[in-house]
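User: I've got a model open and I'd like to talk through its charged pairs and its inner space. Can you take a look with me?

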Amino acid sequence: PRPYPLCMTQLSRLFSIAAFCFLLPALAIGPVFFGAVHTSFASLVQGLVLAGFLAVLLRALILGRPIVRDGLDAALLACWLYLTARYLASPHEFQSRQEWLMASAAFWVYFSIRSLRSRQWIVPALGGALLLVAFGISIDALYQKFSGSPNVLWLKSNYPGRVSGTFYCPNHLAGYLEFFIPPVLGFTLFTRVSIGKRLLLAYVLLTLTAVHLFTYSRGGLLSCAAGCALVFFLGWRHKGAALLVLGAIGLLGAFLLIHYLRASDTLEFQRYSSIVHGEWSRIEMWKSAIALWKQAPWFGLGPMQFDWWHASVRGNVPARAVFVHNDYLQLLVDYGIVGVAFFAAFLGLALAALAAALPKFELLHNTLHHPHIVFSPEEGWRRAAFVGICGSLTALFLHGIVDFNMHIQANALMFALLMGAG
């Protein structure tokens, strides 16, 4: 027997397809056009996401299902309500409005994906389509590298010698690729597929990894390496051998990178040989951010108010920073201790849910010589997707220490997609 009348089931399917048709272009347009950091592209992306979320709301209303289903959803809703309250109290409404819209779009994506997970085809379809987008951007980035093209779409790049694909900044392309490289690594190594499909996955992985390297993002390279190492350790069924292999790969990779950089352009090597390079001293920006936070420690200055007030405390930073270049300090400055507590509650619940799922796939134990532990092809894909999500989140959280990927619309939406799917 059907749990719902036939007309309701058909309407539910219709709204699910409508939500997918809005969410897919929203998630694809952002990375293709500068990360959707420009207002015109950001507005288009946010409008599409909102339309998809409204379709999800109508579907939930038809089925009689709540959008907020558990403590994790409630924690994120509390974050959004606090963000809205701080936006309404902001002394500079326009600047805070951009932050509120960007963050709200991420919230809408999260709740949409959480609600649509019952449609088992939606998340894999979104993931496959976005992997094609990432691959296309990577091909464009390789063209920039080997042709010497200084252009990012119709604009000229401000980062000579570094590739950024269709993003303004190479660091943000590196952050975007971190959503794909660990999962593709997991699918390549730990799924039961034909040799042809495995070679295709390996080719895509090699392309994405090469482009990530050519961004010359120091934080991106280290964080992505850590995420991939976690994928390898969790996925490999002999943990001792996994540690030995990771150690050997780490030493070989460090040797090859140093050798390559020494043979490359001086600017490229200088980026890695000095922590403080040029005028963009992150340490000085972090010091000035802490000074600003002390002016409003509990509730923060308000959404995107670091940029407004930074000139008064920027010290030895000679140029406009715009962002703190540390997602955690940015959160502290803009939203204060209370805002950090709200987000920490959400993050803690999400990480607890991930940790609770580790025993399901026997990821922390040696299982190489346990013949009774055999995964079906479907379970193998789910296992690989799980370790890939763990690797991507690890890379993202580490990269957030030295950059601001959560303030790039395309990357923020990918984070929401990942959290909703996981």
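User: Which residues are linked in a network of salt bridges?

Analyst: Keep in mind that this is a predicted model. Salt bridges do turn up here, four of them in the structure. One pair is Asp73 with Arg114, and a further residue joins these two in a network. The linked residues are Asp70, Asp73 and Arg114.

User: How many Å apart are the closest N and O atoms of Asp73 and Arg114?

Analyst: For a salt bridge, the side-chain nitrogen has to sit within 4 Å of the carboxyl oxygen. Asp73 and Arg114 meet that cut-off, with their closest N and O atoms at 3.1 Å.

User: Why does that pair tie together parts that are apart in sequence, and by how many residues?

Analyst: The two partners sit in separate helices: Asp73 is in H3, while Arg114 is in H4. The salt bridge therefore ties together parts whose separation in sequence is 41 residues.

User: Is Arg114 buried or exposed?

Analyst: Buried means under 20% relative accessible area. Its partner Asp73 has 1%, so Asp73 is buried. Arg114 has 11%, so the call for Arg114 is also buried.

User: What about Glu93 and Arg97: where do they both lie?

Analyst: Their side chains meet in a salt bridge at 2.9 Å, N to O. Glu93 is partly exposed at 35% relative accessible area, and Arg97 is partly exposed at 30%. The two are four residues apart, about one turn, and both lie in helix H4.

User: Which helix holds Lys287 and Glu284?

Analyst: These two side chains form a salt bridge at 3.9 Å, N to O. They are three residues apart, so about one helical turn separates them, and the helix is H12.

User: Now the inside. What volume does the largest cavity have?

Analyst: Rolling a probe the size of a water molecule over the atoms shows where empty space is left. With a threshold of 30 Å³ or more, the count is one cavity. The volume of the largest cavity is about 630 Å³.

User: Which of its lining residues are the closest to its centre?

Analyst: The lining of the largest cavity is made of 28 residues. They split into 22 nonpolar, four polar and two charged. The closest to the centre are Phe107, Leu331, Phe343, Met406 and Phe415.

User: And which helix gives the most to that lining?

Analyst: Elements that give two or more residues to the lining of the largest cavity are H3, H4, H14, H15 and H16. With nine residues, the one that gives the most is H14.

Conventions
Residues numbered from 1 in each chain as written. Predicted model: local features only at pLDDT ≥ 70, side-chain atom pairs only at ≥ 80, totals over all residues. Heavy atoms only, no water. 1 Å grid on protein atoms, 1.4 Å probe; cavity = no way out; pocket = protein on both sides within 12 Å on 5 of 7 lines; lining within 4 Å. Points joined across faces, edges and corners; volume = space filled by probe spheres on them. Nonpolar A, V, L, I, M, F, W, Y, C, P; charged D, E, K, R; others polar. Buried < 20%, exposed > 50% of the residue type's maximum accessible area, 1.4 Å probe, protein only.
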